[in-house]
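User: Could you walk me through how the labels on this model are earned? I would like to see each value set beside its cut-off.

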Amino acid sequence: MLKTETITINMGPQHPSTHGVFRMVLTLNGETIVDLKPMFGYLHRGLEKTSEGRTYLQAVPFTDRLDYICSMSNNFAYAVAVEKLAGIEVPIRAEYIRVIMAELTRLVNHMLAIGFLFNDLGAWYTPVVYAFRERERILDLFEMASGSRMMCNYIRPGGVSGDLPAEFLPLLRKMIPHLENFVREIRDYLSDNEIFKARAVGVGFLPADMAMAYSITGPVLRASGVKYDVRKAEPYSIYNQFEFDVPTQVAGDVYARYLQRLDEMDESLKILRQAVERIPDGEYATKVPSRLRPPKGEAYARIESPKGELGFYLVSDGSPNPYRWRNRPPSLINLSALREMCLGHKVADVVTILGSIDITLADVDR
Amino acid sequence: MQVLDDLWIRIAQWLRGVFDSFLPPWAAQLVMDVLGILLLIVWGIVVVLAFTYMERKVIARVGDRIGPNRAGPLGIFQAFADAIKMLTKEDVTPTNADRALFLAAPIVIIIPAVLLYAVLPFGRGMVGVDLSIAVVFVVAMGGIPILTMLMAGWASNNKYALLGGFRTVAQLISYEVPMVVALLTVVLLAGTMSTVGIVEAQATFPFALVTPVAFVVYMLAGLAELNRTPFDLLEADSEIVAGYFIEYSGMKFAMFFLAEYINLFMVAGMITTLFLAGWQWPILPSWLWFLIKVIVVIFLMMWIRSTIPRFRIDQMLGFAWKALVPLALVNLFVVALVAKLLEPGWARTGVLFVSNLALLAAVGFIMARQSRKREEQARAAGEAAIRRYYGSPIR
Amino acid sequence: MYGKGIAKGLWVTLKHLWGTYAKDIKKFPRRYAPGGIAKRPDYDLYGIFTLQYPEERYTMFPRFRGALMHLRNPETGEPNCTACGACERACPHGVISVEGEGKGKDRKVTAYRYDLGRCIFCRLCVESCNFNAIEMSHEYELARYKKDFILQLDDLLKIGDKYGIHKTGEAWGVTE
């Protein structure tokens with residue numbers, strides 16, 4: 001009788017498709033995966049410990065570098081947590097500005113996710129370039145408002161760091177129909193592609209009950225059919241004043257996650273339209289002392305970042321430095337189901353599944 | 001126009017006259033043959049330079065950006081810059097690698113690629129050697145690179161390269177079969193195996209109109225033989241980072257690269273010869289028509305490369321054995337039947353065209369139904385899981 | 001029908017390919033933007049999108065955060081900085097170090113060291129300054145051949161003279 005042996009392959013930290021320095025030790029039987037062990041920590045920079053030595057305001061640039069693609073969302077989560085801890089009120093115009101920035105960040109992140117999913121699948125850089133072209137326009141808006149394209153440092157505890165410049169809103173109003181055109185073009189180009197469907201349908205199936213057991217959140221959870229969104233479940237900021245749906249998909253595979261991200265982009269555009277119409281005048285921030293001394297206590301605040309539920313847990317002991325500064329990384333917790341999703345598939349599918357979970361290593365390793 | 005058409009033939013005859021004046025006839029013939037061989041080899045290298053540049057420009061323009069535009073005006077010296085770069089790279093042989101095989105693989109892969117240029121008809125009366133079994137020669141020479149790729153994968157002492165080598169052999173052997181069957185269809189219609197004869201048999205209708213199925217099958221099988229997207233799993237940057245030539249650097253890597261583009265021109269040339277009536281169209285000189293058609297076919301291949309993602313290995317092999325081979329065989333049967341019953345002319349062409357389109361539509365519907373079934377299965381599994389979580393059938 | 005999705009995708013890509021050539025023909029024969037300053041691209045899906053650096057550059061938006069610069073008093077020409085040390089305390093990374101002499105209203109800065117290699121361009125130092133002394137410039141071409149990243153007061157004043165801004169936060173609509 002023939003006997004087969006399993007071989008162990010290392011998809012090592014230096015690999016073109018693992019979205020950063022991420023290492024997976026695969027045990028293969030032929031081409032089928034028998035075991036998978038993820039190893040991370042190559043990008044650990046000690047952000048939590050460093051932030052405990054800084055004041056609450058000085059830690060805001062560090063939150064930018066947690067998940068460097070959606071930096072405004074990280075700032076937002078941190079600001080909400082500090083406001084909950086110290087009991088600061090935020091003026092209404094600042095809330096509208098924050099919602100606009102958060103939804104623009106969601107668009108930016110999903111464009112990048114879809115583009116790089118197709119880069120891993122083999123379409124030679126064309127979907128990436130199309131997605132990045134639209135992303136550049138949104139990054140121009142970020143630069144106009146905050147001064148920097150990626151590390152925005154814009155949403156602070158108490159409001160935002162500066163009012164919107166005069167050209168921002170007219171430009172955004174002109175851009176929204178163009179972005180809707182773009183989402184339609186991507187649907188035309190990619191959604192019906194038979195090769196993509198052959199690679200993505202039925203691959204990386206995550207059942208709904210397993211997703212809840214692993215505490216997965218974000219588009220991955222909603223693509224498996226569970227209708228859970230922090231913006232509806234525990235509304236923060238002024239999200240309860242906007243009308244939007246929470247789309248879900250049924251199948252829970254890679255194709256469903258791709259469709260989920262496209263649907264979420266449409267919902268974000270809906271929210272943007274409403275926010276741009278209704279934004280009032282007013283103050284852009286309440287005055288917060290630069291060496292803020294919140295009362296003793298703890299607070300946990302969470303928001304719906306484009307990758308999942310991003311939360312900050314802050315413990316204060318009355319001094320200007322936080323006693324404990326911890327964030328709940330959505331990418332790390334979404335990775336915990338990687339082994340279950342990959343068993344029984346081929347080597348070529350691991351890259352597809354990893355691309356569809358959409359992680360950023362800086363968020364996994366902090 | 002006749003003058004322009006015979007341009008290269010007249011130059012060759014004038015050269016022959018020059019050599020005849022001071023050499024005995026056998027020496028003159030020898031010199032002419034050697035010059036012809038040198039010309040074909042140089043043509044291979046020119047082809048590589050031109051088409052690497054064209055590929056980068058086409059893929060760039062599809063992505064809304066300009067391609068290479070710094071090395072020379074409009075970037076035409078980019079290929080020279082790449083060649084100089086590859087010459088100056090360090091030549092690394094991994095430890096414990098099989099040295100003889102490691103050195104031999106890139107050399108052996110170039111030889112059949114250039115040999116094949118001998119049977120391409122570049123124009124009316126311009127062919128290297130008019131073999132009467134040219135088609136068999138093409139198939140035989142096209143099978144040698146498969147062996148060299150396995151040699152390359154085995155000789156580098158690397159698990160990734162070995163995986164790449166295995167996949168290469170599986171893919172290339174699987175796609176030889178539909179290619180050969182499509183070739184047989186054309187040979188049946190033309191009545192001869194020589195490339196010059198096949199081109200002359202397409203004087204009224206190009207064979208792409210007569211048997212579109214064979215055209216599509218040969219095109220797809222040719223893409224697979226060349227390792228181009230959507231069949232380029234062997235050079236998949238995203239999984240096994242460059243497959244069987246992962247350990248090669250410097251000039252040896254350049255040899256693999258050259259072989260790929262020389263093969264590209266060869267396959268495009270074969271498609272033009274077999275299906276698009278070679279050099280056969282009026283008004284322009286024949287060698288110009290050949291070049292234009294080859295460039296159109298290559299543009300089609302580059303356009304496909306820049307747009308479509310790639311298959312997985314088992315899907316690729318399934319596509320070859322379960323879709324292309326039955327399609328090609330049924331088509332061969334139909335063509336043989338119709339060719340026996342009807343005389344060459346409008347009636348035969350019309351019947352074959354219609355029946356081929358019907359075959360393509362049938363295969364298309366069957367495959368669409370299969371993919372829809374797979375989608376239904378995924379949906380059912382998802383719904384079962386949702387029902388388990390929520391405890392009710394409605395989500 | 002099996003090939004329909006692929007055909008749709010190929011058509012989209014062909015439109016982009018043709019669109020780049022059509023836009024080039026419209027702009028012919030001008031290849032680079034006149035004067036070297038390019039506008040940010042317009043809102044349409046087709047056309048070449050990339051910037052031909054270094055022949056073309058974008059102008060940055062007014063709030064762009066580049067390297068730090070010092071501002072002068074427009075009448076006297078002296079730097080505004082009073083060496084209070086607020087920026088040194090506000091920086092998360094310890095990039096700035098300041099020395100001064102004098103007391104009260106006559107306090108003046110004598111040495112100001114700014115480490116360009118460690119700065120993260122977060123602008124917290126500018127926000128903490130009460131004396132209109134520093135601002136972020138639009139310098140982003142900061143690569144050097146030697147490791148001379150530590151800028152002194154004179155280099156920073158030179159960058160400031162290039163930009164001609166007199167008040168911190170001019171671009172942000174804040175005047176202090």
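Analyst: Happy to; below, a few features of this predicted model are taken in turn, chain by chain.

User: Let's begin with chain A. What makes S1, S2 and S3 of chain A an open sheet, and which strands stand at the edges?

Analyst: The three come in the order S1-S2-S3 with antiparallel pairing, and the sheet they form is open. Strand S1 (7-11) and strand S3 (32-39) of chain A each have a single partner strand, so one side of each is left without a neighbour in the sheet. On average, neighbouring strands here are turned by 20° against each other, direction ignored.

User: How do you know that S2 and S3 of chain A count as paired?

Analyst: Pairing asks for at least two bridges between two strands. Strand S2 (residues 23-29) of chain A and S3(A) are joined by 7 bridges and run antiparallel, so by that cut-off they are a pair. As an example to look up in the viewer, A:Leu26 stands opposite A:Leu36 in S3(A).

User: What packs on that sheet?

Analyst: H14(A) does, touching S1, S2 and S3 of chain A. Its direction makes about 145° with that of S2(A).

User: Why is helix H14 of chain A called mostly covered?

Analyst: The cut-off for buried is under 20% relative accessible area. Helix H14 (residues 347-357) of chain A has 11 residues, and 11 of them are buried, so the label follows directly from the count. Among the buried residues are A:Val350, A:Ile353 and A:Leu354, and the list also includes A:Asp349 and A:Ser356. Just after H14(A), A:Asp358 takes a positive phi of about 65°.

User: What makes S6 and S7 of chain A a hairpin, and how many residues join them?

Analyst: Strand S6 (residues 297-305) and strand S7 (residues 308-316) of chain A run antiparallel and are joined by 9 bridges. Set against the requirement of at least two bridges, that makes them a pair, therefore the pairing part is settled. The hairpin goes from S6(A) to S7(A) through 2 residues, and A:Ser305 stands opposite A:Gly308 in S7(A).

User: On to chain B. What does its overall makeup look like?

Analyst: Chain B has 14 helices and 2 strands. Its C-alpha trace spans about 95 × 65 × 40 Å along the principal axes. Of its 395 residues, 51% count as buried. Chain B exposes about 18200 Å², with carbon and sulfur atoms supplying 72% of it. Among contacts in chain B with a separation of 6 or more, 75% come from residues 24 or more positions apart. As for charge, the mean positions of its 30 positive and 25 negative charges are 9 Å apart.

User: Why is B:Asn96 called exposed?

Analyst: Exposed means over 50% relative accessible area. B:Asn96 has 70% relative accessibility, so it counts as exposed. Its place is in the loop between helix H4 (78-87) and helix H5 (99-115) of chain B. The C-alpha atoms of B:Asn96 and B:Asn157 are separated by 6.4 Å, with these positions 61 residues apart along the chain.

User: What makes the phi of B:Ala277 worth a remark, and is the residue buried or exposed?

Analyst: Most residues other than glycine have a negative phi. B:Ala277 is not a glycine, yet has a positive phi of about 65°. With 0% relative accessibility, B:Ala277 counts as buried. You will find B:Ala277 in the loop between helix H11 (251-275) and helix H12 (286-307) of chain B.

User: And in chain C, why is C:Ala83 called buried?

Analyst: Its relative accessibility is 7%, and buried means under 20%, so C:Ala83 counts as buried. Phi of C:Ala83 is near 55°, a positive value in a residue other than glycine. C:Ala83 lies in the loop between strand S3 (68-70) and helix H2 (86-90) of chain C.

User: How do you know that S5 and S7 of chain C are paired?

Analyst: Strand S5 (residues 108-115) of chain C and S7(C) have 2 bridges in the antiparallel sense; the rule is at least two, so the pair qualifies. C:Leu151 in S7(C) is the bridge partner of C:Tyr114. Both strands belong to an open sheet in the order S4-S5-S7. Strand S4 (96-101) and strand S7 (150-151) of chain C stand at its edges, each with a single partner strand. Helix H4 (residues 153-163) of chain C lies across S5 and S7 of chain C, at about 85° to S5(C).

Conventions. Residues are numbered from 1 along each chain as its sequence is written. Chains are lettered from A and ligands numbered from 1 in the order in which they are written. This is a predicted model: local features need pLDDT of at least 70, side-chain atom pairs count only at pLDDT 80 or more; totals for chains, interfaces and linings use all residues. Side-chain values use heavy atoms; hydrogens and water are left out. Helices (H or I, at least four residues) and strands (E, at least two) are DSSP runs, numbered from the N terminus. Contact means heavy atoms within 4.5 Å. Axes are lines fitted to C-alpha atoms, for helices over the stretch in contact, and angles run from 0 to 180 degrees between N-to-C directions. Buried means under 20% relative accessible area, exposed over 50%, partly exposed in between (1.4 Å probe, protein chains only). Accessible areas come from the Shrake-Rupley method with a 1.4 Å probe; for residues, only the protein chains shown count as cover. Lys and Arg count as positive and Asp and Glu as negative; His and the chain ends are not counted. The place of a charge is taken as NZ of Lys, CZ of Arg, CG of Asp or CD of Glu.
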